[in-house]
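Please take a moment to look over the sequence and the model before reading on. The paragraphs that follow go from a single residue to the cores, the pocket and some details of the backbone.

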Amino acid sequence: MAVTVTPETFTMVEFDAPTIVAVVERLIPVVGLPADVDLRVDIDERVPLGRAVVASVDPLVLEIEGGALEDPKRPRRLSEDSTADIVGRLLFRARDQRDPEFGTVPDPGDLSLALATAWDVYATGRLVAGGYRSQRQRWLYAFRNRHGFTDAADAAFDRLWSPSDPLVWADIERISDAARAPVSAP
């Protein structure tokens, strides 16, 4: 897999393209993407916010605002942990979208916040299972905000975060819907 980071040289933030490439290359075997897939990571260093999306799965392109990769204690400086967390989650999503056995995922822009969060929890949980760190409590709180502060939502979160078997898109929809059911019941 050839990993390309744009821009090659950063002028507004203290990022280093070769370091980002190295982080991404370490993620590739964890995620399980084919070795022959090329990946482009476009970073908008002008924006200190945290938007990060899979812009295309064929070719594989990630678009990330610079703030998503910053060290939270040292603004404008690259955090390898944040980079692994954000890029790893996106790569798992891209792998899912590319896998016919995973099922057809609606356009990510059309997903409800609940479904998008459920998919992010599943992606991040797999990243953690691969040996990377993430903020479980932060993801649990985000999941509860979209699915309710209930035992059913907590059980659904655990099913997504640490699945005993691989899930497909229909499983994620079912788990998300079941978690929200007690919240929307009269």
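Does Asp42 count as buried or exposed? In this predicted model, Asp42 has a relative accessibility of 16%, and because buried means under 20% relative accessible area, Asp42 counts as buried. Its salt-bridge partner is Arg40, with the closest N and O atoms 2.9 Å apart, and Arg40, at 36% relative accessibility, counts as partly exposed.

Asp42 also appears among the contacts of Ile64, which, when neighbours within four places in sequence are set aside, include Val41, Asp42, Ile43 and Asp44. Ile64 is further in contact with Arg51, Ala52 and Leu69, as well as with Ile86, Val87 and Leu90. This residue belongs to the largest nonpolar core, a set of 35 residues in which Leu62, Ile64 and Leu91 touch the most other members. At least two residues of this core come from each of the strands β1 (3-6), β2 (39-44), β3 (52-57) and β4 (60-65), and likewise from each of the helices α1 (17-31), α2 (80-98) and α3 (113-129). The largest share is that of α1, which supplies eight residues of this core. Separate from it there is a second core of 22 residues, and Val105, Trp119, Trp169 and Ile172 are included in that one.

From the cores we can turn to empty space. Rolling a probe the size of a water molecule over the atoms shows where such space is left. The largest pocket holds about 840 Å³ of space, and of the 32 residues that line this pocket, Asp85, Ile86, Arg89, Arg138 and Trp139 are the closest to its centre. The lining receives at least two residues from each of β3, α2, α3 and α4 (136-147), with the largest share, eight residues, coming from α2. By type, the lining of the largest pocket divides into 13 nonpolar, nine polar and 10 charged residues.

Charged residues lead on to the pairs they form. Side chains of opposite charge can pair when their charged atoms come close. The count of salt bridges in this model comes to 13, and one of them, between Arg40 and Asp42, has already been described. Another joins Asp71 to Arg74, where the closest N and O atoms are 3.3 Å apart; Asp71 is buried, with a relative accessible area of 18%, whereas Arg74 is partly exposed at 39%. A further salt bridge pairs Asp158 with Arg136, the closest N and O atoms lying 2.7 Å apart. This pair links distant parts of the chain, since Asp158 is in helix α5 (residues 151-161) and Arg136 is in helix α4, 22 residues apart. Asp158 is partly exposed, with a relative accessible area of 38%, and Arg136 is also partly exposed, with 31%. In addition, salt bridges that share partners join Arg89, Arg93 and Asp120 into one network.

A few details of the backbone remain. Thr6 and Pro7 are joined by a cis peptide bond with omega about 0 degrees, and Pro7 is found in the loop between β1 and α1. The peptide bond from Asp58 to Pro59 is cis as well, with omega near 5 degrees, and Pro59 lies in the loop between β3 and β4. Arg76, although it is not a glycine, has a positive phi of about 75 degrees. Arg76 lies in strand β6 (residues 74-78) and counts as partly exposed, at 42% relative accessibility.

Conventions
Residues are numbered from 1 along each chain as its sequence is written. This is a predicted model: local features need pLDDT of at least 70, side-chain atom pairs count only at pLDDT 80 or more; totals for chains, interfaces and linings use all residues. Side-chain values use heavy atoms; hydrogens and water are left out. A nonpolar core is a set of buried Ala, Val, Leu, Ile, Met, Phe, Trp, Tyr and Cys residues joined through side-chain atoms within 4.5 Å. Buried means under 20% relative accessible area, exposed over 50%, partly exposed in between (1.4 Å probe, protein chains only). Helices (H or I, at least four residues) and strands (E, at least two) are DSSP runs, numbered from the N terminus. Contact means heavy atoms within 4.5 Å. On a 1 Å grid over the protein atoms alone, a cavity is a set of points where a 1.4 Å probe fits but cannot get out, and a pocket is an open set with protein on both sides within 12 Å along at least five of seven lines; lining residues have an atom within 4 Å of a point. Grid points are joined across faces, edges and corners, and a volume is the space filled by probe spheres set on the points. Ala, Val, Leu, Ile, Met, Phe, Trp, Tyr, Cys and Pro count as nonpolar, Asp, Glu, Lys and Arg as charged, and the others, Gly among them, as polar. A salt bridge is a side-chain nitrogen of Lys or Arg within 4 Å of a carboxyl oxygen of Asp or Glu.
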